[in-house]
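The following paragraphs lead the reader through one protein model, from a single side chain outward to the strands, cores and helices around it. Please keep the sequence and the structure in view while reading.

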Amino acid sequence: MQRRSVLKSIGGVAGGAALAGCTGLFTSGGNDAALWHDFTDAEKDTVDGFLEQFNDETDHEIEASSISNLGDQLETALPSNDGPMSFAWAHDWVGKEHEDGNLYDATDDIDVDVDSTYTEVAAGAVRWEDNLYGLPYGAETTALLYNKDLVDEPPETADEMVSIMERVDTDYGIACPGEVYNISGYLQAFGGVLYDAGADDLGVDSDEVVEGLEFARDNIYEHSPEDLQIDGNVSVFQDGNAPFIITGPWNISGFSDAGIDVGVTTLPAPNGGEPTPYTGIQMWYFTSRLGEADDDVFDATTAWGEWYTTTKDVATTNAEEHALIPVLTEVIEGGELSDQVKSFSDSVEMGMAMPANSKMDAVWAPVKSAIQNVVGSGNDPQSELESAAEEIRGNWG
């Protein structure tokens with residue numbers, strides 16, 4: 001008999017949790033808490049409020065703890081059968097944690113229909129080799145943010161974007177950090193993929209990615225600050241010295257607090273291309289500790305994952321307060337999203353989930369160096385990307 005078959009027969013997640021009478025779960029807090037996360041203070045306050053609501057509704061007393069250096073702590077704790085039952089992080093750790101044996105396959109233990117409940121990108125991101133390793137609650141990706149005081153209508157094409165850059169009287173036309181994640185939409189805009197995890201194929205030195213870097217050099221970085229660091233580019237836009245910035249939803253509140261009237265639109269398409277930005281799916285992972293947990297602990301943890309990721313108020317609150325893009329189909333189709341969040345949601349649909357294979361870890365730094373050598377030193381894009389690919393393959397062994 002499956003763990004949750006009895007609970008399913010008596011009224012679903014909430015009813016089952018109440019009948020389980022599961023109280024006193026990990027109430028000591030700290031590293032003994034069932035849930036671990038590395039949220040900002042504002043995000044933590046939101047989650048704590050929802051956790052209190054969950055406990056009240058289900059008679060659980062499950063707790064969460066904020067853990068600094070979450071990855072390092074998990075790497076030490078889980079192999080020793082210590083640590084959390086669940087933790088929150090982006091999906092790109094799935095492959096590595098699977099390889100390390102740190103995750104629990106909850107395919108047969110979850111009541112929700114994953115494919116119909118969440119967006120296609122989110123449903124795929126929480127799976128690895130047909131195993132369900134968690135549930136998704138939000139997404140992040142990059143888009144084109146614009147200063148409404150400087151831009152009347154957002155551009156639909158890259159040519160229109162460049163035309164606005166050249167027309168607006170600011171120090172720069174656009175801000176864009178020299179990070180792979182920020183510029184991935186254009187690196188992969190002409191049919192290239194930096195790394196295809198399904199085919200285990202490295203495409204960093206493909207003609208299509210070379211074309212993408214050439215486009216970024218000529219149409220983005222030609223109009224951006226020489227400083228390619230994140231903070232410098234954020235400051236340029238925040239100070240009103242550029243009409244555009246390519247970044248994610250995490251910067252919106254800071255820009256708004258600085259008095260910028262921020263608009264959001266999808267990345268404008270170049271001629272013959274379609275921007276394909278990387279997307280990160282935020283999820284509650286199920287750890288290997290669940291495999292040895294007693295039924296009360298198991299049911300409380302999985303019930304939390306289901307409740308948090310399927311509760312409409314959670315998704316809308318995260319969108320409104322933390323600009324986290326909903327992945328709950330009910331919310332996306334409900335037509336209640338703000339214009340900003342809707343544009344980010346559209347960007348998620350046109351993008352691709354970051355590869356969760358651990359091989360992707362070796363891709364970021366060499367490609368970032370290639371971008372900076374091309375933009376900062378004027379080096380040839382093809383030569384730089386070929387060198388990056390050679391370094392990556394060498395690191396793969």
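F87 has a relative accessible area of 0% in this predicted model, and because buried means under 20% relative accessible area, F87 counts as buried. The structure holds 21 aromatic pairs. One of them joins F87 to Y285 in a stacked arrangement, with 4.4 Å centre to centre and 10° between the planes. The two partners lie 198 residues apart, F87 in strand β3 and Y285 in strand β13, so that this pair links distant parts of the chain. Y285 is likewise buried, at 0% relative accessibility.

The strand that carries F87 deserves a closer look. β3 spans residues 86–90 and is mostly covered, with four of its five residues buried. With strand β1 (residues 35–37), β3 pairs in the parallel sense over two bridges; here S86 of β3 is the bridge partner of L35. With strand β13 (residues 278–286), β3 pairs in the antiparallel sense, over five bridges. Within that pairing, W89 has M283 of β13 as its bridge partner. In a regular strand, side chains alternate between the two faces of the sheet.

From the strands one may turn to the interior. Nonpolar side chains in soluble globular proteins tend to be buried together. The largest nonpolar core in this model comprises 78 residues, and those with the most contacts inside it are F87, L135, L145, F255, W284, W304 and Y308. Helix α13 (residues 295–310) contributes seven residues, the largest share of this core. Beyond its neighbours up to four places away in sequence, L135 touches I110, V112, V114, Y118 and V126, as well as Q282, M283, W284, F286, G305, E306 and T309. A second core, separate from the one just described, has 45 residues, among them V151, I174, Y195 and L385.

Aromatic residues also form a wider group: ring pairs link F39, F50, F54, Y137, W284, W304, W307 and Y308 into a cluster. A ring elsewhere has a charged partner, as the charged end of K359 sits over the ring of W396, 4.7 Å from its centre.

Helix α3 covers residues 41–58. Its 18 residues, at 1.5 Å a residue, should span 26 Å, and the end C-alpha atoms are 26 Å apart, which agrees. The buried residues of α3 are T46, V47, F50, L51, F54, N55 and T58, and F50 and F54 also belong to the aromatic cluster. Just after α3, D59 takes a positive phi of about 65°.

Another part of the model is an open sheet of four strands, in the order β8-β11-β7-β12 and with mixed pairing. Its edge strands, β8 (174–175) and β12 (262–265), each pair on one side only. β8 pairs in the parallel sense with strand β11 (residues 244–247) over two bridges, and A175 has I245 of β11 as its bridge partner.

Which residue lies in the loop between β6 (134–141) and β7 (143–147)? That residue is T142. T142 has a relative accessible area of 0% and is therefore buried. Leaving aside residues up to four places away in sequence, T142 touches Y181, N182, I246, T247, G248, P277, Y278, F344 and S347.

Key
Residues numbered from 1 in each chain as written. Predicted model: local features only at pLDDT ≥ 70, side-chain atom pairs only at ≥ 80, totals over all residues. Heavy atoms only, no water. Buried < 20%, exposed > 50% of the residue type's maximum accessible area, 1.4 Å probe, protein only. Contact = heavy atoms within 4.5 Å. Pairing = 2+ DSSP bridges. Core = buried A, V, L, I, M, F, W, Y, C linked by side-chain atoms within 4.5 Å. Phe/Tyr/Trp six-rings, centres within 6.5 Å; stacked < 30°, edge-to-face > 60°. Lys NZ or Arg CZ within 6 Å of the ring centre and 35° of its normal. Expected span 1.5 Å × (residues − 1).
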